[in-house]
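Work through the exercises below with the sequence and the model at hand. Each task is followed by a solution in steps.

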Amino acid sequence: MRAAGVALGVALVCAATPAVAASLVVGSKNFEENRLLAEIAAQLVEAKLGVAVARRFNLAGTQVCFEALRHGAIDLYPEYTGTGLMSILGESAQPSRADTLRRVRQVFLERWDLWWLAPLGFENAYALGVPRELAQRHGLRTISDLVPLAPRLVAAFGYEFVERPDGLPGLAQRYGLHFGEVRTLQQTLKYDAIAARRVDCIDVYTTDGRLRVLDLAVLEDDRGAFPPYEAALLVRGEALRRLPGLAATLGLLAGAFDEATMQRLNLRLQQEREPVERVAREAVQELGWAASRSPGPAPAPRAGLWSYLWIERAELLHRTAEHLALALAALALGALVAVPLAMWLLGHPRLAEPWIRLVGVTQTIPSIALLAFMVPWLGVGTRPALVALWIYSVFPMLRNTYTGLTAVPSDVLEAGLAMGMTPAQLLRHVRLPLAVPVILAGVRTSAVLLVGTATLAAFIGAGGLGVPIVSGLQMADPARILSGALPAALLALVVDRALAFAEARLRPRGV
């Protein structure tokens, strides 16, 4: 128990202590352009204001970023006016860029004290792309031209696009557009699929650098289903008041980028796989300002797995420590709930199965949904991830602990009672020692599940080995994906082995 207490204390300290005592927290969504704009803003603030900036990048989509901003977990992130209007406010498309910007500025300020700064100079709109050969063969120029052909086609769309009112549902309503088959894929995989002609249509961003290298025809939105999507920084009013020079500093980015520039910068991230820090630094320098960060390592986009693991060994060790601290903290907190609850249910057998089944319902909630659900209350980062993982950890330990305590042979208990032992003494000296193997089997099961589930914590900015997995998925880079997946699998084996050793030491002789 002393070792468990020490482990809990260390894990909680590691998990709860932020890496940077930041004056400003910058967030981003989980795609290349958004990370790049967030990094540009962060470097500019560091250089001009000299304040510490923490980065919470790769957050899982619009709603997670918005809720994190609204509740103060981050101070700013790059957003798009059409997304703010339709996806966040749920309103209909406005006829012009000016009307869209005016509307989101008014409502966001009145409701949440959130400020849309001056647009960055370009629009990154949704569009539909098809292979040019297909467009030429069927005379496809607009989305309306695609409607009669769509039932015979296979489409691949992003996860947000198939749900958002300004995505596939809006196209179905405005155009009556319905495909024969729709697959949901991550952004990079969509481009790989259409390049290999495994799908016939994908959603694209108009500033995507891959449009420069893939032979795609971008169809005109002839009925105006997509609103304007001007890029701008969305900032908390509290942050603007806390840092008086912040608005003026970020205002230097107003109108700084056009669509062609963003395509060029995005191409460096997407195809050439340069580090986002390097691309952001050079972009800031091109604008005439000195950035704060070193350019980062030279890109090595095609490094093999073992070379990549060696090059990134320091970062991977740091991510592994984050991952282990998060999993151990959740496991220890789960044990503090599961074991006492099982002991209490031992004295209330009629309540046992209903309670255990109720706790078991938590296992049916998709882990990424539970993580996102925590964001409005706990923000982003370690705290919501720790709470979500703690909830997941309880059921295996509760079920096994109760089973182990109730499986003690009745003749053993009767012998103890005949010797004058009280129920509390029976629990401490008979039931618990005999149940140790079953209890620790539940702990081991929970530990392995937590190590695997903790990789998803990267989507809400909690770090860990999910970070290289998420970035690798976005870049379709197997070495990067495996650099997170393999250590996570090894960590699960190590944790399980350590708990097996503890089980052997704690198991009573003869059991």
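**Exercise 1. Place Leu456 in this predicted model and list its contacts.**

Step 1. Leu456 sits in the loop between helix H20 (423-453) and helix H21 (466-475).
Step 2. Its relative accessible area is 25%. Buried requires under 20% and exposed over 50%, so Leu456 is partly exposed.
Step 3. Leaving out residues up to four places away in sequence, Leu456 touches Ser367, Ile368 and Leu371.
Step 4. Leu456 and Leu371 are 85 residues apart along the chain, and their C-alpha atoms are separated by 8.2 Å.

**Exercise 2. Classify the ring pair Tyr126 and Tyr229, and state what the pair ties together.**

Step 1. The structure holds 14 aromatic pairs. In the pair Tyr126 and Tyr229, the ring centres are 5.7 Å apart and the planes stand at 80 degrees.
Step 2. Planes over 60 degrees apart count as edge-to-face, so the pair Tyr126 and Tyr229 is edge-to-face.
Step 3. Tyr126 belongs to strand S5 (residues 126-131), while Tyr229 is in the loop between strand S9 (216-219) and strand S10 (231-236); the pair therefore ties together parts that are 103 residues apart in sequence.
Step 4. Both Tyr126 and Tyr229 are buried.

**Exercise 3. Do the same for Phe157 and Phe179.**

Step 1. The ring centres of Phe157 and Phe179 are 5.5 Å apart with planes at 70 degrees, so this pair is edge-to-face.
Step 2. Phe157 is in strand S6 (residues 154-157) and Phe179 in the loop between helix H8 (168-175) and strand S7 (181-184), so the pair ties together parts that are 22 residues apart in sequence.
Step 3. Phe157 counts as buried at 0% relative accessibility, and Phe179 counts as buried at 12%.
Step 4. Ring pairs link Phe157 and Phe179 into a cluster whose members include Tyr126 and Tyr229.

**Exercise 4. Where in the chain are the partners of the salt bridge between Glu220 and Arg141, and how exposed is each partner?**

Step 1. Side chains of opposite charge can pair when their charged atoms come close. The whole structure has 28 salt bridges.
Step 2. In the salt bridge of Glu220 with Arg141, the closest N and O atoms are 2.8 Å apart.
Step 3. This pair links distant parts of the chain, 79 residues apart: Glu220 is in the loop between S9 and S10, and Arg141 in the loop between helix H6 (132-138) and helix H7 (143-146).
Step 4. Glu220 is partly exposed at 40% relative accessible area, whereas Arg141 counts as exposed at 55%.

**Exercise 5. Describe the salt bridges Glu238 to Arg242 and Asp496 to Arg444.**

Step 1. Glu238 and Arg242 meet in a salt bridge at 2.9 Å, N to O. They are 4 residues apart in helix H10 (residues 237-242), so about one helical turn separates them.
Step 2. Glu238 is partly exposed at 30% relative accessible area, and Arg242 is partly exposed at 35%.
Step 3. The side chains of Asp496 and Arg444 also form a salt bridge, at 2.9 Å, N to O. Asp496 lies in helix H22 (residues 478-506) and Arg444 in helix H20, so this pair ties together parts that are 52 residues apart in sequence.
Step 4. Asp496 is partly exposed at 22% relative accessible area, as is Arg444 at 23%.
Step 5. Salt bridges that share partners join Asp75, Arg236, Glu238 and Arg242 into one network.

Conventions: Residues are numbered from 1 along each chain as its sequence is written. Side-chain values use heavy atoms; hydrogens and water are left out. Rings of Phe, Tyr and Trp (its six-membered ring) pair if their centres lie within 6.5 Å; planes under 30 degrees apart count as stacked, over 60 as edge-to-face and the rest as tilted. Helices (H or I, at least four residues) and strands (E, at least two) are DSSP runs, numbered from the N terminus. Buried means under 20% relative accessible area, exposed over 50%, partly exposed in between (1.4 Å probe, protein chains only). Contact means heavy atoms within 4.5 Å. A salt bridge is a side-chain nitrogen of Lys or Arg within 4 Å of a carboxyl oxygen of Asp or Glu.
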